[in-house]
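Ready to work through a structure by hand? Below are some short exercises, each with a solution that goes step by step.

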2 protein chains.
Amino acid sequence: MKKVKVFITLKESVLDPQGQAVMQSLHNMDYKNVRDVRIGKYIELEMEDSAADIKEQVEALCDKLLANTVIENYRYEIGEEVRS
Amino acid sequence: MKKVKVFITLKESVLDPQGQAVMQSLHNMDYKNVRDVRIGKYIELEMEDSAADIKEQVEALCDKLLANTVIENYRYEIGEEVRS
C-alpha cells in the first residue's frame, strides 16, 4: 500500500476568481501584504501495489479523471509504504 | 516576497463524500487498486515580507479564513524568496 499525494493547480494563464475572492477577503481583514492567492486541489490516494507501474497509473488517472489538463497542471509524490 | 504553500485536509474522523465519489469513479474505470481517496485544498500565497513574523501571520490567516479548524487540519511550507 502506497500513499500518493497529488497537487492540482490552475495554469498560470488561467484566471482564478476563487483565489481573487480569498485575497480580497484577506485584504479586508487587514492582511494587506498578501499579493496573490491561487487555489488548487490536494488529493491523497492510497493505492495497492499492483503489477502495473504505479507512476504510470497515477499519471493515467490524473489525466483521465482528477485533473482537467486543459486548464490545470498536476504534480504528484509517491510516498512511503503504508501498513494496512 | 515569499511563496507560502498551504495544505488543508479533512480530519481523519470526518467523512469525505467527495473523496468517496472519486474513488467510486476510479473503481468504475477499473482502477480497483485505489483503496482510499481524500480530497483537500492546496493554496499558494505570495506574501510581502512584513515586520510581523510570517509564520505567525500564516497561522492566523489559516485559522481565521482558509481552514475550518473544527473539521480540517492544515500545514504549510514557507518557500523561497520570489522576485517581484
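**Exercise 1.** What rotation, and what shift along its axis, superposes chain A on chain B?

*Solution.* Keep in mind that this is a predicted model. Start with the general picture: two copies of a chain are related by a rotation about an axis and a shift along it. Here, the rotation is 180° and the shift is 0.0 Å, with an RMSD of 0.0 Å. The two copies are therefore related as by a two-fold rotation axis. Now look for the axis in chain A: the C-alpha nearest to it belongs to A:K41, at 2.3 Å. As for the surfaces, 100% of the contact residues of chain A recur in chain B, so the same surface serves both copies.

**Exercise 2.** How many residues of chain A are in contact with chain B, and how much area do the two chains bury between them?

*Solution.* Count the residues first: 34 of chain A touch 34 of chain B. Next comes the area, which is about 3,000 Å², with 62% of it on carbon and sulfur atoms. Finally, see who contributes: A:Y31, A:N33 and A:Y42 supply 21% of the area that chain A buries against chain B, more than any other three residues.

**Exercise 3.** Find the salt bridges and polar contacts across the interface, then work out which elements of chain A supply its side.

*Solution.* Two salt bridges turn up between chain A and chain B. One of them joins the side chains of A:R35 and B:E48, at 2.6 Å from N to O. The interface also has 16 residue pairs in polar contact. On the chain A side, β1 (2-10), α1, β2 and α2 (54-66) each supply at least two residues. The most come from β2(A), which gives 14. Sort that side by class and you get 18 nonpolar, six polar and ten charged residues.

**Exercise 4.** Where is A:D30 in chain A, and is A:D30 buried or exposed?

*Solution.* Place the residue first: A:D30 sits in the loop between α1 (17-28) and β2 (34-47) of chain A. Then check its accessibility. The cut-off for exposed is over 50% relative accessible area, and A:D30 has 58%, so this residue counts as exposed.

Now for the backbone. Most residues other than glycine have a negative phi. A:D30 isn't a glycine, yet its phi is positive, near 80°. Try the other chain too: B:D30 has a positive phi of about 80°, lies in the loop between α1 (17-28) and β2 (34-47) of chain B, and is exposed at 58%.

Definitions and conventions. Residues are numbered from 1 along each chain as its sequence is written. Chains are lettered from A and ligands numbered from 1 in the order in which they are written. This is a predicted model: local features need pLDDT of at least 70, side-chain atom pairs count only at pLDDT 80 or more; totals for chains, interfaces and linings use all residues. Side-chain values use heavy atoms; hydrogens and water are left out. Copies are superposed by least squares on the C-alpha atoms of residues with pLDDT of at least 70 in both. Contact means heavy atoms within 4.5 Å. Helices (H or I, at least four residues) and strands (E, at least two) are DSSP runs, numbered from the N terminus. Buried means under 20% relative accessible area, exposed over 50%, partly exposed in between (1.4 Å probe, protein chains only). Buried area is the accessible area (1.4 Å probe) that two parts lose on being put together, summed over both. A salt bridge is a side-chain nitrogen of Lys or Arg within 4 Å of a carboxyl oxygen of Asp or Glu. A polar contact is a pair of N or O atoms within 3.5 Å; within protein, one must be able to donate a hydrogen and the other to accept it, and residues adjacent in sequence count only if both atoms are side-chain atoms. Ala, Val, Leu, Ile, Met, Phe, Trp, Tyr, Cys and Pro count as nonpolar, Asp, Glu, Lys and Arg as charged, and the others, Gly among them, as polar.
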